[in-house]
Amino acid sequence: MSIGLASKLITNAVRLSLAGRSARFSFFRTRLTEFPKIKKCGIYIHVPFCKQLCPYCPYNRIKYDSSLVAKYIEAIQEEIRYYARFYPELDITSIYFGGGTPTVLDKDIEKIVEALHANFKISGPLCIETNPIDLSHEKVQLLKSLGFHAVSLGIESFDNSLLDTIGRKYTPRKIDDVLMWLEDAKFLNVNIDLMFALPGQNLKQLHNDMVKAITTCADQITAYPLLLFPYSSVGQFLRLRNIKMPGISQRRTMYYYIYDYLIDIGYKRVSVWSFKRSKEAPRFSSVTRERYIGFGPGAGSYYGPLFTLNTFSVQEYIASIKEKGHAVALEMPFTSTLSILYDFYWRLYDTYLPKKRELENLTYHLNDIKGINLLLTLGRLLGMLTDKGKYFELTREGSFWVHLLQNYFVLPYINTIWTEASRQPWPDIIKF
Ligand SMILES: C[S@@+](CC[C@H](N)C(=O)[O-])C[C@H]1O[C@@H](n2cnc3c(N)ncnc32)[C@H](O)[C@@H]1O
Ligand code: SF4
């Protein structure tokens, strides 16, 4: 039996036993007329443009086109106003600009930031993703003047030959310049993304990347293994049918290498893939928020009882905002059990499992989840979890396995949704 089929069977069994048979694991064409009530949430802004398209990239992005960008900027401001009418009292606890490469918008970022301030009450930090090729000294200063608190830089590697292999068109020298500008600007948090298990990468090269990473101004280091999705350019070229991942032994060796290297010199683990230099810097995180509303093509929103996805097509997004004010294409209702599971799942990513959670005036207990005690006992016996009283903490081994299991059990869902949603702007149903 293939590992893909085995993971599908196991996932189906686990999801039915944990979430219950009433949970429907499908996205439906939306019929929404209003959105669920929430009091506070994060905001995600999706900017789907890049000046250069990396062949391995799985995100919803297209080549920069100035006339489309101008229409997108109008549309996203309209979308912000539309949601603000629904949620006049909403407390916005964080704002995250992701992509794509948000900094390709240049001075137009200001229009989005202004629209957010004009329409919402913002109490949390502003964060943005970027990459070295797209930053200049002026752009870094622009981000600072717009009030961004945290910047994440997709470096991937400091090794020229590895950058070449994966098609990143900047030099280690440019990375140094960008890091110097970021340091001068004194953001609250600078995160750098690195990738490992790159084609042909050896441990010496990984070691050199770690040695270099800790000498930079980065407060946080995040490292992902390279995954190839069938719908990415390289996945299509290789005619992949399933996600191609690095082998377990290579991935484990490299993951433990990064983990031990950073923990031994005093870094703190803040998620299964991120490590922070000091306790003071706020953590930079895109995916682990409790509730969020996403703006832009392909952006997801999570309200607790409901998950929605905007259309992935940039043109359709612009047309839909003009016509209706929103561009929600798909919705998936969550049962209360499923939303509790979803919340605990992301806490596991934060590397701890609290025994009690309080969210939107509701209190959840970990052991309310049917069958969870068996899994927790198994986790402890296998050395993946330790009981810390009010919460369970992932061990180094647990951290690696969660990292790996997420790849095998969750990414295939993302692959199915994204393949379908990229193929047709308004799918009727996406089942998995
Ligand atoms: C949206 S990108 C970040 C911003 C910017 N567009 C860039 O590429 O630098 C987020 C991060 O995802 C990671 N990433 C992208 N494609 C990946 C893949 N196929 N496998 C693993 N990580 C990937 C990279 O570390 C990248 O920096
Ligand atoms: S990895 Fe980043 S820069 Fe490269 S295409 Fe994807 S979003 Fe754009």
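1. Start with the make-up of the pocket lining: by class, the shell around ligand 1 has eight nonpolar, five polar and three charged residues. Keep in mind that this is a predicted model.

2. Who sits around the ligand? In total, 16 residues surround ligand 1, and the closest are Glu129, Asn131, Gly154, Asp193 and Tyr224. Three elements each give two or more residues to this shell: strand E5 (91–99), strand E8 (150–156) and strand E9 (189–196).

3. Of those strands, E5 is the one I'd look at in detail. How many of its nine residues are buried? Seven are, so to speak of E5 as mostly covered is fair.

4. On to the pairing of E5. Strand E2 (residues 40–47) runs parallel to E5, and eight bridges join the two. If you want a spot to check in the viewer, histidine 46 stands opposite glycine 98 in E5.

5. E5 also pairs with strand E7 (residues 126–130), again in parallel, through three bridges. Here isoleucine 95 of E5 faces leucine 126 in E7. Glu129, listed among the closest residues to ligand 1, has a number that falls in the E7 range.

6. Then there is strand E6 (residues 121–122), which runs parallel to E5 and is joined to it by two bridges. Which residue stands opposite lysine 121 in E6? That would be aspartate 91.

7. Last, the connection: E5, helix H3 (residues 109–119) and E6 make up a β-α-β unit, and its hand is right.

Terms used. Residues are numbered from 1 along each chain as its sequence is written. Chains are lettered from A and ligands numbered from 1 in the order in which they are written. This is a predicted model: local features need pLDDT of at least 70, side-chain atom pairs count only at pLDDT 80 or more; totals for chains, interfaces and linings use all residues. A residue is near a molecule or strand if its C-beta atom, placed from the backbone, lies within 6 Å of it. Helices (H or I, at least four residues) and strands (E, at least two) are DSSP runs, numbered from the N terminus. Ala, Val, Leu, Ile, Met, Phe, Trp, Tyr, Cys and Pro count as nonpolar, Asp, Glu, Lys and Arg as charged, and the others, Gly among them, as polar. A residue is buried if 20 or more other C-beta atoms lie within 10 Å of its own, exposed if 12 or fewer, and partly exposed in between; C-beta atoms are placed from the backbone. Two strands pair if DSSP finds at least two bridges between them. A crossover is right-handed if, with the strands pointing away from the viewer, the path from the first strand over the helix to the second runs clockwise.
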